[in-house]
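Trainee: Could you take me through one part of this model in some detail? I would like to start at a single residue and then work outward to the helices and the pocket.

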Amino acid sequence: MLQGAIAGLAAGGLYAVLGVCLTLMSRLVRVVNFAQAATGMFGAFSAVWFVRELDLPIWLGSVLGVLVAGLLSAAIGFIAATWLSEASTTTRSAMTVGPLLLLISMSFILFGNKPQPFTPIIAGPAFSFGGVVISQVTVATVAMAIVTAIVVRIVLRRTRVGTQLRALSERPTTAELLGIRSRPLSIAVWFVTGVISAMAIMIVAPSQSNDATSLSMLIVPAAAAALLGGFRRLDLAVIGGIVLGVLGGLVAQIDEVALVRNFLPFLFIVVLLLWTQRKEVWDAAR
């Protein structure tokens, strides 16, 4: 069981990183970005193409792939900040379904519909715990999730840019009247989250299903992780992602319920939604 739990940590770290990105987007630019994982996927696939077709070194191809993901995300952010700046969160979030489907389709056209031959950026054991080997990928993804959440918290609370971002998220009209330029800041948030998503996916992709659809649908467990924190708290998004990954690893070890692993994020979301709506449900029942 311990081996199963630890095996799920790498995926949990990835869910946590993406959950932190979703939380950041929701807090600062009022969007639940359904294309978050898809932009990372497209950047990772681009990195494989750069290395394989242009014979670039892995590090250079990876850097270019990360930039592709960041620029794609920034382009979506430009659309949201330019033409949907006054739209509701629901409308802005619904808009991101279009890029999600477009990026999956484009990846089929440009890269084919088969899993990509990723070369591991990080490989090998990191250390052993209880007789179970913990891989460097596991350590890297969990550390990346925690460090990202801490850095974002510090930036938001202790820097001028963070203060401006918080002002835009909490009092957008007042902030703009005070001269804070909302569009560049919003696009920068989109760019940074696209970069972080691509980096996390590149680290984990060689060790799991890495076709375009599977990687893009990582948005589901990421949304479940972000939902635990109400799309507001970064620490709970990290915890939610890791717990979800560990639960998936544990369930995969039990043959009778192994198939449930694929439905865990959906169950997680349903339970959380019912819990948050419990007062209304109980009032209606009375």
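**A close look, starting from S169**

Mentor: Happy to. Our starting residue, S169, sits in helix α7. Please keep in mind throughout that this is a predicted model. The C-alpha atoms of S169 and L28 are 4.9 Å apart, although 141 residues separate the two along the chain. If you set aside neighbours within four places in sequence, the contacts of S169 are R27 and L28. Helix α1 covers residues 2–29, and we will come back to α1 at the pocket.

Now look at the helix that holds S169. Helix α7 runs over residues 160–170 and helix α9 over residues 182–204; their axes approach within 11 Å and cross at roughly 105°. The two helices are therefore roughly perpendicular, since angles of 65 to 115 degrees count that way. On the α7 side, the residues that touch are V161, Q164, L165 and L168, and they meet S182, L185 and V189 of α9. Sorted by class, the residues of this contact are five nonpolar, two polar and no charged.

Follow α9 onward and you meet a second partner, α6. The axes of α6 and α9 come within 9 Å, with a crossing angle of roughly 165°. That makes α6 roughly antiparallel to α9, because the angle is over 145 degrees. The crossing of α6 and α9 is left-handed. From α6, the residues V137, A140, T141, M144 and T148 take part, and they face I196, M199, A200, I203 and V204 of α9. Eight of the residues in this contact are nonpolar, two are polar and none is charged.

Both α6 and α9 also bring us to the largest pocket, whose volume is about 780 Å³. It is lined by 35 residues, and those closest to its centre are A11, Y15, Q208, L218 and R261. The elements that give two or more residues to this lining are α1, α6 (136–158), α9, α11 (219–228), α12 (234–252) and α13 (264–276). Of these, α1 contributes the most, with six residues. The lining has 20 nonpolar residues, 14 polar ones and one charged.

For another helix pair to set beside these, turn to α2 and α5. Helix α2 spans residues 36–53 and helix α5 spans residues 97–111; their axes come within 9 Å and cross at roughly 15°. With an angle under 35 degrees, α2 and α5 are therefore roughly parallel. Their crossing is left-handed. In α2 the contact is made by A38, T39, M41, F42, F45, S46 and W49, while α5 supplies L100, L103, I104, M106, S107, L110 and F111. By class, eleven of these residues are nonpolar, three are polar and none is charged.

To retrace the route on screen, begin at S169 in α7, go to α9, which α7 crosses at roughly 105°, then pass to α6, which is roughly antiparallel to α9, and finish at the pocket, where α1 gives six residues to the lining.

Technical notes. Residues numbered from 1 in each chain as written. Predicted model: local features only at pLDDT ≥ 70, side-chain atom pairs only at ≥ 80, totals over all residues. Heavy atoms only, no water. Axes fitted to C-alpha atoms, helices over the stretch in contact; angles between N-to-C directions. Helix = DSSP H or I, 4+ residues; strand = E, 2+ residues; numbered from the N terminus. Left-handed = near helix turned anticlockwise from the far one by under 90°. Contact = heavy atoms within 4.5 Å. Nonpolar A, V, L, I, M, F, W, Y, C, P; charged D, E, K, R; others polar. 1 Å grid on protein atoms, 1.4 Å probe; cavity = no way out; pocket = protein on both sides within 12 Å on 5 of 7 lines; lining within 4 Å. Points joined across faces, edges and corners; volume = space filled by probe spheres on them.
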